[in-house]
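Reader: I would like a close look at one part of this structure, and one small point settled before that.

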Amino acid sequence: MKLAPATIDRLVMAAETVRRNAHAPYSGFAVGAAVLVSDGRIFTGCNVENASYGLSVCAERNAIAAAVAAGTTEFVAIAVVTGTSPPATPCGACRQVILEFGPVPVICANTSGERTVHEARDLLPDAFLPESLEG
Ligand code: THU
């Protein structure tokens, strides 16, 4: 499905807004993510770090968890906003979690307006997928 530019703008803006709530006192690296689902709703998440560093959770996985908790897994697109140039792409763990819910465009943006778009499956070639458990 081709995403309308206005839809992409809305998704990126949602990710940029939630990024302001990032709890990143250890890395100083704030991330916001937003997931668009098939009925048009947008679910958001920011990174939440912890004094026990390894417990930190990425923005993408928090946004995905919010969508799943609301009862939907029909993902249409995900946007990730960072403050870096070029915009950062999702970490390996998040790539795996994004792919669980099917092929989606991943829009990587920064606060200066730069954007790159990747297909989730291109970000994680030869991925271990739900169907990998069969047979
Ligand atoms: N982070 C994300 O939220 N998403 C990513 O895809 C990469 C990394 C967070 C984790 C940590 O809080 C900070 O960015 C620095 O790694």
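Reader: Where does D126 lie? After that, please go through the residues around the ligand.

Author: D126 lies in the segment after α4 (120-123), where helices (H or I, at least four residues) and strands (E, at least two) are DSSP runs numbered from the N terminus. The model is predicted, so local features need pLDDT of at least 70 and side-chain atom pairs count only at pLDDT 80 or more, while totals for chains, interfaces and linings use all residues. Residues are numbered from 1 along each chain as its sequence is written, and side-chain values use heavy atoms, with hydrogens and water left out.

D126 is not a glycine, yet has a positive phi of about 55°. A second backbone feature is the cis peptide bond between S85 and P86, with omega about 0°. P86 is in the loop between β3 and α3 (92-99). Most residues other than glycine have a negative phi, and most peptide bonds are trans.

Now the ligand. Around the ligand (a heavy atom within 4 Å) are S27, F29, V31, N47, E49, C58, A59, E60, P90 and C91. By class, this shell holds 6 nonpolar, 2 polar and 2 charged residues; Ala, Val, Leu, Ile, Met, Phe, Trp, Tyr, Cys and Pro count as nonpolar, Asp, Glu, Lys and Arg as charged, and the others, Gly among them, as polar.

Oxygen atoms of the ligand pair with several of these residues. A polar side-chain atom of E60 is 2.6 Å from a ligand oxygen. The side chain of N47 places an N or O atom 2.9 Å from an oxygen of the ligand. For C91, a polar backbone atom is 2.9 Å from a ligand oxygen. Of the 370 Å² of accessible area (Shrake-Rupley, 1.4 Å probe) that the ligand has on its own, the protein covers 77%.

The ligand sits in the largest pocket, meaning that more than half of its atoms lie within 2 Å of the grid points. A pocket is an open set of points on a 1 Å grid over the protein atoms alone, where a 1.4 Å probe fits, with protein on both sides within 12 Å along at least five of seven lines; lining residues have an atom within 4 Å of a point. The volume of the largest pocket is about 160 Å³, taken as the space filled by probe spheres set on the points. Its lining counts 15 residues, with F29, V31, C58, E60 and C91 nearest the centre. That lining divides into 9 nonpolar, 4 polar and 2 charged residues. Both α2 (59-69) and β3 (75-82) supply at least two residues of it.

Technical notes:
Polar contact = N/O pair within 3.5 Å; in protein donor to acceptor, adjacent residues only side chain to side chain.
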